[in-house]
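User: I am new to this structure and would like to understand how its labels are justified. Please set each value against its definition as we go.

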Amino acid sequence: MKTFLHVGPGSKTKNQTTKEFAAEHWKELRIDIDSKVDADYHGTILDMEQVADDQVHGLYSSHNLEHVYIHQVQRVLKEFFRVLKPEGFVVLTCPNLLPVCEAILK
């Protein structure tokens, strides 16, 4: 069984990530900043010290990166890759801010 880290899941489960991660052969570990969320770890994406190096085969982060300052993005990505096994991969989604900016300009 492979393990993936679900970053900032809130109330979402592995079935609400990707078809691949929803499969039975993936075990979900969860990290969230909100202590009220049912998670394996509580902390920020800037410092996921509770998660060991090379611990997970995959990482899923949806709409989290836009919540840090631009100068913190590299630090977040280093944390993501630190917890991944060498053959691991990241699934990362972010909003497309270009249409929002264009609407504001209009």
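Analyst: A residue is called buried when it has under 20% relative accessible area, exposed when it has over 50%, and partly exposed in between, using a 1.4 Å probe and protein chains only. What you see is a predicted model, in which local features need pLDDT of at least 70 and side-chain atom pairs count only at pLDDT 80 or more, while totals for chains, interfaces and linings use all residues. Residues are numbered from 1 along each chain as its sequence is written, and side-chain values use heavy atoms, with hydrogens and water left out.

User: Which residues of helix α2 are buried, and what puts them on the same side?

Analyst: Helices and strands here are DSSP runs numbered from the N terminus (H or I and at least four residues for a helix, E and at least two for a strand). In α2, the buried residues are V73, V76, E79, F80 and V83. The directions from the helix axis to their C-beta atoms define the arc, and these residues cover an arc of only 125° around the axis, so they lie on the same side of α2. An α-helix has 3.6 residues a turn, and therefore residues three or four places apart point the same way. On the face of α2 turned away from this buried side are the exposed residues Q74, K78 and F81.

User: How do you know which strands pair, and in what order do they lie in the sheet?

Analyst: Two strands count as paired if DSSP finds at least two bridges between them. Strand β1 (residues 2-7) and β2 are joined in the parallel sense by 6 bridges, and one of the bridge partners is K27 in β2, which faces T3. Strand β3 (residues 41-42) runs parallel to β2 and is joined to it by 2 bridges, with Y41 of β3 as the bridge partner of I31. The result is an open sheet of 5 strands, in the order β3-β2-β1-β4-β5 and with parallel pairing. Its edge strands are β3 and β5, each of which pairs on one side only.

User: Where does helix α2 pack?

Analyst: Helix α2 (residues 73-83) packs on the sheet and touches β1, β4 (56-62) and β5, where contact means heavy atoms within 4.5 Å. The direction of α2 makes about 135° with that of β5, the axes being lines fitted to C-alpha atoms (for helices over the stretch in contact) and the angles running from 0 to 180 degrees between N-to-C directions. It is against β1, β4 and β5 that the buried residues of α2 pack.

User: Why is the pair of F4 and W26 called edge-to-face, and why is the pair of F21 and F89 called stacked?

Analyst: Rings of Phe, Tyr and Trp (its six-membered ring) pair if their centres lie within 6.5 Å, and planes under 30 degrees apart count as stacked, over 60 as edge-to-face and the rest as tilted. The structure holds 6 aromatic pairs. The rings of F4 and W26 have centres 6.2 Å apart and planes at 75°, so this pair is edge-to-face. Since F4 belongs to strand β1 and W26 to strand β2, the pair ties together parts that are 22 residues apart in sequence. For F21 and F89 the centres are 5.7 Å apart and the planes stand at 5°, so this pair is stacked. F21 lies in helix α1 (residues 19-22) and F89 in strand β5 (residues 84-93), so this pair ties together parts 68 residues apart in sequence. F4, F21, W26, Y60 and F89 form one aromatic cluster.

User: Which of these four paired residues are buried or partly exposed?

Analyst: F4, at 0% relative accessibility, counts as buried, as does W26 at 3% and F21 at 1%. F89, at 35%, counts as partly exposed.

User: What makes the largest nonpolar core a core, and which residues touch the most other members?

Analyst: A nonpolar core is a set of buried Ala, Val, Leu, Ile, Met, Phe, Trp, Tyr and Cys residues joined through side-chain atoms within 4.5 Å. The largest one has 18 residues, of which L5, M48 and L59 touch the most other members. M48 lies in the loop between β3 and β4 and, at 1% relative accessibility, counts as buried.
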